[in-house]
Amino acid sequence: MILIARLVMTVATLIALLIALAIVLRDVDANASNTIVKGIHEGANFFAGAFTGLIKFNGHPKRAITVDWGIALIVYLIVGALIANVIRNVGRGGVRFEQSHRPAL
């Protein structure tokens with residue numbers, strides 16, 4: 001169970017890193033027609049697209065995406081940590097249950 005918890009946290013961290021990289025590339029005006037940049041933006045939009053339009057800044061669309069996707073990044077890390085903690089605690093509780101309910105020899 002601890003391995004599964006680590007896997008969940010690793011996936012959440014990788015998603016957060018993808019979103020962070022997309023934010024940085026958008027903020028530095030990376031070439032959007034580049035295949036790598038386009039792939040990173042599409043991947044980040046897949047995970048953070050639901051957060052787009054959450055906050056509006058008049059005349060500052062780049063700032064709006066930065067804040068919206070920054071919120072998504074934080075949410076992924078917090079939710080990933082919470083899910084990993086629940087899985088880890090269930091795993092530890094299962095071990096304790098097994099040890100306390102062993103048949104007497």
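Helices (H or I, at least four residues) and strands (E, at least two) are DSSP runs, numbered from the N terminus. With that in mind, colour the chain by secondary structure: along the sequence the pattern reads α-α-α, with three helices and zero strands.

Before you zoom in, note that this is a predicted model, where local features need pLDDT of at least 70 and side-chain atom pairs count only at pLDDT 80 or more, while totals for chains, interfaces and linings use all residues. Residues are numbered from 1 along each chain as its sequence is written, and side-chain values use heavy atoms, with hydrogens and water left out.

Now show the surface. The chain exposes about 7200 Å² (Shrake-Rupley method, 1.4 Å probe; for residues, only the protein chains shown count as cover), and carbon and sulfur atoms supply 68% of that area. Of the 105 residues, 25% count as buried (under 20% relative accessible area; exposed is over 50%, partly exposed in between; 1.4 Å probe, protein chains only).

Next, select Asp68, in helix α3. Asp68 is buried but has no salt bridge (a side-chain nitrogen of Lys or Arg within 4 Å of a carboxyl oxygen of Asp or Glu). Lys56 is the nearest side chain of opposite charge (Lys and Arg positive, Asp and Glu negative; His and the chain ends not counted), 7.2 Å away. Add Gly53: its backbone nitrogen is 2.9 Å from a polar atom of the Asp68 side chain. Leaving aside residues up to four places away in sequence, Asp68 touches Phe51, Thr52, Gly53, Leu54 and Ile55 (heavy atoms within 4.5 Å).

Finally, stay on helix α3, residues 61-100, and pick Val86. Val86 counts as exposed because its relative accessibility is 53%.

Definitions and conventions: A polar contact is a pair of N or O atoms within 3.5 Å; within protein, one must be able to donate a hydrogen and the other to accept it, and residues adjacent in sequence count only if both atoms are side-chain atoms.
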